Amino acid sequence: MRGALDEARLALVTGDVPVGALVVDPDGRVVGRGHNAREATGDPTAHAEVLALRTAAQHLGRWRLDDCTLVVTLEPCAMCAGALVLARVPRLVLGAWDPKAGATGSVHDLARDRRLNHQVEVYGGVLADECAALLRDFFAAHRQDG
């Protein structure tokens with residue numbers, strides 16, 4: 001999670017919401033990484049999780065990430081939870097829960113929906129205070145500026 005937090009801080013440079021994600025292989029090696037880049041790229045799908053999954057797939061040369069773990073600082077939204085399911089990622093480790101838009105246990109639970117063809121094990125609350133503080137500080141600063 002510390003690596004995902006480092007990745008999240010990179011988003012601050014472009015004014016993006018500081019969310020970071022890593023894809024880790026079974027040996028613990030980082031094979032994909034990403035941080036929010038919607039502001040930087042103008043791409044509404046440039047969420048940390050999607051970017052990390054893309055770089056992992058490119059690195060590994062396959063779309064099925066069925067032996068990897070996604071580590072992310074904030075609970076994934078519906079789009080990102082769907083991407084996890086479609087990439088066949090078996091495990092998600094998340095920092096802060098998202099009570100407004102979370103889709104892996106808070107508001108929705110797409111990752112564990114038995115109606116889908118794949119379910120993801122979800123481990124939440126890892127370094128949750130640090131992950132939440134980074135987001136709180138970001139939004140507090142933006143409220144003061146705007």
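**Phenylalanine 139, the largest pocket and the annotated site**

At 38% relative accessibility, phenylalanine 139 counts as partly exposed (buried means under 20% relative accessible area, exposed over 50%, partly exposed in between, with a 1.4 Å probe and protein chains only). The model is predicted, so local features need pLDDT of at least 70 and side-chain atom pairs count only at pLDDT 80 or more, while totals for chains, interfaces and linings use all residues. Residues are numbered from 1 along each chain as its sequence is written, and side-chain values use heavy atoms, with hydrogens and water left out.

Phenylalanine 138 is buried, at 8% relative accessibility. Rings of Phe, Tyr and Trp (its six-membered ring) pair if their centres lie within 6.5 Å; planes under 30 degrees apart count as stacked, over 60 as edge-to-face and the rest as tilted. One aromatic pair meets this rule. In it, the ring centres of phenylalanine 138 and phenylalanine 139 are 5.0 Å apart and the planes stand at 80°, so the pair is edge-to-face.

Phe139 also helps to line the largest pocket. A pocket is an open set of points on a 1 Å grid over the protein atoms alone, where a 1.4 Å probe fits, with protein on both sides within 12 Å along at least five of seven lines; lining residues have an atom within 4 Å of a point. The space in the largest pocket is about 520 Å³. This volume is the space filled by probe spheres set on the points, with grid points joined across faces, edges and corners. The lining has 21 residues, and Val17, Leu74, Asp98, Leu135 and Phe139 lie nearest the centre. Helix α5 (residues 128-145) gives the largest share, four residues. Helices (H or I, at least four residues) and strands (E, at least two) are DSSP runs, numbered from the N terminus. By class, 13 lining residues are nonpolar, two polar and six charged. Here Ala, Val, Leu, Ile, Met, Phe, Trp, Tyr, Cys and Pro count as nonpolar, Asp, Glu, Lys and Arg as charged, and the others, Gly among them, as polar.

The unreviewed UniProt entry places a "binding site" at His47, Cys77 and Cys80. UniProt positions follow the numbering used here, feature names are shortened, and annotations may be inferred rather than shown by experiment. The three residues span 34 residues in sequence, yet no two of their C-alpha atoms are more than 9.3 Å apart, so they gather at one spot. His47, Cys77 and Cys80 also belong to the lining of the largest pocket.

Histidine 47 sits in the loop between α2 (38-41) and α3 (48-60). Its relative accessible area is 15%, so histidine 47 is buried. Contact means heavy atoms within 4.5 Å. Apart from residues up to four places away in sequence, histidine 47 touches Asn36, Arg38, Cys77, Met79 and Cys80. Cysteine 80 belongs to helix α4 (residues 78-86). Cysteine 80 is buried, with a relative accessible area of 1%. With the same sequence neighbours left out, cysteine 80 touches His47, Glu49 and Val50.

Two loop residues have a positive phi without being glycine. For arginine 88, phi is about 65°. Arginine 88 lies in the loop between α4 and β4 (91-96) and is buried, with a relative accessible area of 17%. For leucine 127, phi is near 50°. Leucine 127 lies in the loop between β5 (121-123) and α5 and is partly exposed, at 27% relative accessibility.
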